[in-house]
Amino acid sequence: MPAPRPSRRPRAQPSPWARPSQRQQQREAKRNAVLTTAAQLFNERGFHATSLDDIAAHLHVSKPTLYYYVKNKDEILLACVQKGLHMTLEGIEASRQAGGNALDQLRACMQVYAEIVVQPFGMCLIRVGDEEVPEPSRTELRRMKSEIDLAFRRLVTQGVEDGSIAPCDPKIMAFVIAGGLSWIGRWYQPGGQYPENEVVAQCIDALLGGVLKRPPAPKPVARKSGRTPS
């Protein structure tokens, strides 16, 4: 009598649910979408004039859906401003690590800072006042903002010392640089007359070179050829 065939085990069906790591990635992607949309609306309308209903409508989800990713509007604002600050500080540090003299590093830091303040999170950092962020986060954000000022101040000091930057008060010059670049985030409108890279380049050149017209450098005197008369 032939031996009975072993019964085949049913083929396992793939789970319709994502793995934990995938679920976490999806949640982070959706939360980032909430923050990016919120930052854009805060920049356009202002923090107080933007509601959670507005954010949900732009994302085509219901308002209760937002609560899977954020607690309230204050938490959204804090996260947006923190993202802008972290992007700025990380970019400044990376540009400093690239090397060069103090002036090279200062220009690189200015480039990074100006590029960030025209992005949604950087623009939110500039346009939303510290007073709109609740404590204790307000104090921490002010501390982080002071790190940006200190980074510019250190580079100006080094530049004066190595001769690549004209003598000046580093504290005042750092305020001028950070203030001038920050203001781009208030008046710049994406899709306007001037492209982003041109705006950034012109502002940096103006801050580093000033606006006074300088006389042209004297031409070198050509040496006459021939024998020197005795």
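1. Secondary structure. In this predicted model, the order of elements along the sequence is α-α-α-α-α-α-α-α-α. The protein has nine helices and zero strands.

2. Burial and surface. Of the 230 residues in the protein, 33% are buried. The exposed surface amounts to about 15,500 Å², and carbon and sulfur atoms account for 55% of that area.

3. Range of contacts. When contacts between residues at least 6 apart in sequence are considered, 66% of them connect residues at least 24 apart.

4. Geometry of α1 and α4. Two packed helices are described by the angle between their axes and by the distance between those axes. For helix α1 (residues 20–45) and helix α4 (residues 73–97), the axes come within 9 Å and the crossing angle is roughly 90°. An angle from 65 to 115 degrees counts as roughly perpendicular, and α1 and α4 are therefore roughly perpendicular to each other.

5. Residues at the α1 and α4 contact. Helix α1 contributes Arg31, Asn32, Val34, Leu35, Ala38, Ala39 and Phe42. From helix α4 come Lys73, Glu75, Ile76, Leu77, Ala79, Cys80 and Lys83. Sorted by class, the contact of α1 with α4 comprises nine nonpolar, one polar and four charged residues.

6. Environment of Thr50. Is Thr50, in the loop between α1 and α2 (52–59), buried or exposed? Its relative accessible area is 2%; the cut-off for burial is under 20%, so Thr50 counts as buried. Apart from neighbours within four places in sequence, the residues in contact with Thr50 are Leu41, Phe42, Arg45, Ile55 and Lys73. Two of these names recur from the preceding point: Phe42 belongs to the α1 side of the helix contact, and Lys73 to the α4 side.

7. Distances at Thr50. A polar atom of the Thr50 side chain lies 3.4 Å from the backbone oxygen of Leu41. Between Thr50 and Lys73, the C-alpha to C-alpha distance is 9.0 Å, with a separation of 23 residues in sequence.

8. Environment of Ser182. Ser182 is located in helix α8 (residues 170–187). With a relative accessible area of 14%, Ser182 is buried. Which backbone oxygen lies 2.6 Å from a polar atom of the side chain of Ser182? The oxygen in question is that of Ala178. Once neighbours within four places in sequence are set aside, Ser182 is in contact with Tyr113 and Ile126.

9. Position of Gln158. Gln158 is part of helix α7 (residues 137–162). Its relative accessible area is 33%, so Gln158 is classed as partly exposed. Gln158 and Leu106 are separated by 52 residues in sequence, and their C-alpha atoms are 9.8 Å apart in space.

10. Backbone of His60. His60 is not a glycine, although its phi is positive, at about 60°. The residue is found in the loop between α2 and α3 (63–66). How accessible is His60? Its relative accessibility is 74%; the cut-off for exposure is over 50%, and His60 therefore counts as exposed.

11. Summary of the selected residues. Thr50 is buried in the loop between α1 and α2, and Ser182 is buried in helix α8. Gln158 of helix α7 is partly exposed, whereas His60, in the loop between α2 and α3, is exposed.

Definitions and conventions: Residues numbered from 1 in each chain as written. Predicted model: local features only at pLDDT ≥ 70, side-chain atom pairs only at ≥ 80, totals over all residues. Heavy atoms only, no water. Helix = DSSP H or I, 4+ residues; strand = E, 2+ residues; numbered from the N terminus. Buried < 20%, exposed > 50% of the residue type's maximum accessible area, 1.4 Å probe, protein only. Contact = heavy atoms within 4.5 Å. Areas by Shrake-Rupley, 256 points an atom, 1.4 Å probe, with all protein chains shown as cover. Axes fitted to C-alpha atoms, helices over the stretch in contact; angles between N-to-C directions. Parallel < 35°, antiparallel > 145°, perpendicular 65-115°, else oblique. Nonpolar A, V, L, I, M, F, W, Y, C, P; charged D, E, K, R; others polar. Polar contact = N/O pair within 3.5 Å; in protein donor to acceptor, adjacent residues only side chain to side chain.
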